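Grab a coffee and work through these short exercises with the structure open beside you. Try each task before you read its solution.

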Amino acid sequence: MIEKHIVLEDIDPVMLYGAGNAYLQIIKALYPKLRIVARDNVIRVLGDEELMADFEENIEKLRRHVLKYNSISEEDIIDIIKGRKTKDDTAKDVVVYNISGRPIKSRSENQQRLIDAYGKTDMVFAIGPAGTGKTYLSIALAVKALKEKTAKKIILSRPAVEAGEKLGFLPGDMKDKIDPYLQPLYDALEDMLPAVKLQDMMEKRIIQIAPLAFMRGRTLSDAVVILDEAQNTTTAQIRMFLTRMGWNTKMIITGDLTQVDLPHGTTSGLREAIGILDGVEGISIVRMNDKDIVRHKLVTRIVQAYDRHERSKDKAAGGEQ
């Protein structure tokens, strides 16, 4: 008889133990010859060495399941300990699972192109209108890389286009003033990572969210780096950002060229960058359209209406010349 302590890392142990320790009781029933006591994130086991080795292996499988899928069920526990595949393991083309256990995967042809491009190249531009899932899917790919340990950190950035006069009137310190611009990034992360885990990762700077201006002078290595709303960068800003790329790093740059908020007469750095970099080896450009919109059906109609309006304005302007 030997005793061993197993430490559950990277997951909330309550998720594995179940409400009122219901799942823990199932695990104990499946190992009647072992004495199992769990407290916080430590499982204390007493019993035969060979049986304990099997138990430890299966606890690790259960831990990985919770880490990957953000959920576990009674059926999953039995399947894993009995050596069978769970229903989640047989699901195809899933990037990650959100905190409710819902699979996040491509919902359109161009979204799948984005996923494929991320796998094949180190720098991806995802261009398209609002609601096409550019940012959400990009963050899902980054979270997957973190969970699979192919990246050590996630760095998310956006330009604060009003970082001059208007920003100064907002209350609070610099973080308080910048956070409203970064809220969509927080929202996506909160949907994919448990709140306690997300907070811990941010405190340890495994996940970093910062305005674009804070990128200057850095070399970004061993990371997935996402620049969101890149249509609001200037030529100098996006060039600075792209040249921060270090070893073992992937970059995803997202933007909507129909929503440029830069001062009149200022060229969008994103528009210029995709013109310069199109065809460069190791860089992919994925163009999305209204068929990829996954928000409310009215969003598609709004985008189409504005596109028609812009075309009619261009046609009218051409007729006046």
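**Exercise 1. Work out how well strand β6 is covered, and on which sides.**

Keep in mind that this is a predicted model. Start with the count: β6 spans residues 123-127, and five of its five residues are buried, so the label "mostly covered" fits, given that buried means under 20% relative accessible area. Next, split the strand by face. Met123, Phe125 and Ile127 sit on one side, with Val124 and Ala126 on the other. Every one of these is buried, and both faces of β6 are therefore covered, going by that under 20% cut-off.

**Exercise 2. Find the strands that pair with β6 and give one residue match for each.**

Begin with β10 (residues 250-255): this strand and β6 are parallel and share five bridges. For a match, take Met123, whose bridge partner in β10 is Met251. Now go to β11 (residues 283-287), which also runs parallel to β6 and is joined to it by five bridges. Here the match to look up is Ile127, which stands opposite Arg287.

**Exercise 3. Decide whether Gln111 is buried or exposed, and find a backbone atom that its side chain reaches.**

First, place the residue: Gln111 belongs to helix α5, residues 109-120. Then check its relative accessible area, which is 3%. Buried means under 20%, so Gln111 counts as buried. Last, follow the side chain, which gets to the backbone nitrogen of Arg107 at 2.8 Å.

**Exercise 4. Walk along helix α3 from start to end.**

At the start, look at Asp48: one of its side-chain oxygens comes within 3.1 Å of the backbone nitrogen of Glu50. Along the helix, residues 49-69, you count 21 residues. From first C-alpha to last, α3 reaches 30 Å, close to the 30 Å expected at 1.5 Å a residue. The buried residues of α3 include Met52, Phe55, Ile59, Leu62 and Val66, as well as Asn58, Arg63 and His65. Just past the end, Asn70 has a positive phi of about 60°.

**Exercise 5. Describe the second largest pocket and what lines it.**

Volume comes first: the second largest pocket holds about 500 Å³ of space. Its lining is made by 21 residues, and those nearest the centre are Asp10, Ile11, Leu67, Lys197 and Met201. Two or more lining residues come from each of α3, α6 (134-147) and α9 (195-203). Of the elements, α9 gives the largest share, four residues. Sorted by class, the lining has 13 nonpolar, seven charged and one polar residue.

Conventions. Residues numbered from 1 in each chain as written. Predicted model: local features only at pLDDT ≥ 70, side-chain atom pairs only at ≥ 80, totals over all residues. Heavy atoms only, no water. Expected span 1.5 Å × (residues − 1). Buried < 20%, exposed > 50% of the residue type's maximum accessible area, 1.4 Å probe, protein only. Polar contact = N/O pair within 3.5 Å; in protein donor to acceptor, adjacent residues only side chain to side chain. 1 Å grid on protein atoms, 1.4 Å probe; cavity = no way out; pocket = protein on both sides within 12 Å on 5 of 7 lines; lining within 4 Å. Points joined across faces, edges and corners; volume = space filled by probe spheres on them. Nonpolar A, V, L, I, M, F, W, Y, C, P; charged D, E, K, R; others polar. Pairing = 2+ DSSP bridges.
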